[in-house]
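Q: Hi! Please walk me through this one, and I'll jump in with questions as we go.

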Amino acid sequence: MAIRTIREIGDPILNKRAKEVKEMTPRMKELISDMYDTMRHANGVGLAAPQVGILKRIIVIETDEESSYTLINPVILKREGEQRGYEGCLSVPGKTGIVTRPNQVVCEALNERMERCTIEAEGLLARCICHEMDHLEGHLYTEIAEELMDNEELEESRENTESGT
Ligand code: ZN
């Protein structure tokens, strides 16, 4: 188990485009395993490789104990509907914003065995995929959030908190 340092807003690596993964190597496997450890340790539901300082197109998502996804070189094939809701990011600690995302997405990616797979996602999972894909392009949700609040001021207007991604 290895927890890597999460890069925070202001770190230039978060504004760079990540590169495609060409092959699965022992180093890449270790990175993916560390990304899961880092995400779980930070109580996040998603993490993109640039957030741990690696410019590779790799995302891990775990919306609950039974649903974890490793997405390598992901591409969104279809976006449908709209959801407006709270969003946070492990790279933007202490903040939450309101972000509008598609409610459904169809995403194609490679898994850890470099097999092509298609994921039909909706709700939180669709939101996570869009958020993490933005990281691969060098974008943070703060660029598109309607409102950005400190978590303390948010606590007052909200009963249950969500985890960052
Ligand atoms: Zn994020």
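**Backbone, burial and charge pairs**

Q: Let's start in the middle. Where is Asn73 found?
A: Asn73 is found in strand E3. Helices (H or I, at least four residues) and strands (E, at least two) are DSSP runs, numbered from the N terminus.

Q: What should I know about the coordinates before I trust them?
A: This is a predicted model, where local features need pLDDT of at least 70 and side-chain atom pairs count only at pLDDT 80 or more, while totals for chains, interfaces and linings use all residues. Residues are numbered from 1 along each chain as its sequence is written, and side-chain values use heavy atoms, leaving out hydrogens and water.

Q: Good. Back to Asn73: what is its phi?
A: Near 50 degrees for Asn73, which is a positive value in a residue other than glycine. Asn73 also counts as buried, at 13% relative accessibility. Buried means under 20% relative accessible area, exposed over 50% and partly exposed in between (1.4 Å probe, protein chains only).

Q: And what about the phi of Met114?
A: Phi of Met114 is near 60 degrees, again positive and again not a glycine. Met114 sits in the loop between strand E6 (104-110) and strand E7 (116-122). Met114 counts as partly exposed, at 22% relative accessibility.

Q: Switching to helices. How many residues does H1 have?
A: Helix H1 (residues 26-41) has 16 residues. From first C-alpha to last, H1 reaches 22 Å, close to the 22 Å expected at 1.5 Å a residue. The expected span is 1.5 Å times one less than the number of residues.

Q: Which residues of H1 are buried?
A: Met28, Leu31, Ile32, Asp34, Met35, Tyr36, Asp37, Thr38 and Met39. What covers these buried residues of H1 includes strand E1 (46-48), strand E2 (58-64) and strand E3 (67-80).

Q: What phi does Asn43 take, just after H1?
A: Asn43 takes a positive phi of about 55 degrees.

Q: There's an Asp in that buried list. What is Asp37 in contact with?
A: Leaving aside its neighbours within four places in sequence, Asp37 is in contact with Met1, Ala2 and Ile3. Contact here means heavy atoms within 4.5 Å. Asp37 and Ile3 are 34 residues apart in sequence, yet 5.7 Å apart in space, C-alpha to C-alpha. Asp37 itself has a relative accessible area of 12%, so it is classed as buried.

Q: On to charges. How many salt bridges does the structure hold?
A: There are 13. A salt bridge is a side-chain nitrogen of Lys or Arg within 4 Å of a carboxyl oxygen of Asp or Glu.

Q: Which residue forms a salt bridge with Glu146?
A: Glu146 pairs with Arg84, with the closest N and O atoms 2.7 Å apart. The pair links distant parts of the chain, 62 residues apart: Glu146 in the loop between H2 and strand E8 (147-150), and Arg84 in strand E4 (residues 83-87).

Q: Is Arg84 buried or exposed?
A: Arg84 counts as exposed, at 56% relative accessibility. Glu146 counts as partly exposed, at 47%.

Q: What about Glu87: which residue does it form a salt bridge with?
A: With Arg101, the closest N and O atoms being 2.7 Å apart. Glu87 lies in strand E4 and Arg101 in strand E5 (residues 95-101), so the pair ties together parts that are 14 residues apart in sequence. Both Glu87 and Arg101 are buried.

Q: And how do Lys95 and Asp150 meet?
A: Their side chains, those of Lys95 and Asp150, form a salt bridge (2.8 Å, N to O). Lys95 is in strand E5 and Asp150 in strand E8, 55 residues apart. Lys95 is partly exposed, with a relative accessible area of 30%, and Asp150 is partly exposed at 31%. Separately, salt bridges that share partners join Glu87, Arg101, Arg127 and Asp134 into one network.

Q: Tell me about the Arg in that network. Which helix does Arg127 lie in?
A: Arg127 lies in helix H2 (residues 124-136). Its relative accessible area is 6%, so Arg127 is buried.

Q: What does the side chain of Arg127 reach at 3.1 Å?
A: The backbone oxygen of Val99. A polar contact of 2.5 Å also joins the side chains of Arg127 and Glu87. A polar contact is a pair of N or O atoms within 3.5 Å; within protein, one must be able to donate a hydrogen and the other to accept it, and residues adjacent in sequence count only if both atoms are side-chain atoms.

Q: Which residues does Arg127 touch, not counting those up to four places away in sequence?
A: Gln83, Arg84, Gly85, Tyr86, Glu87, Val99 and Arg101.
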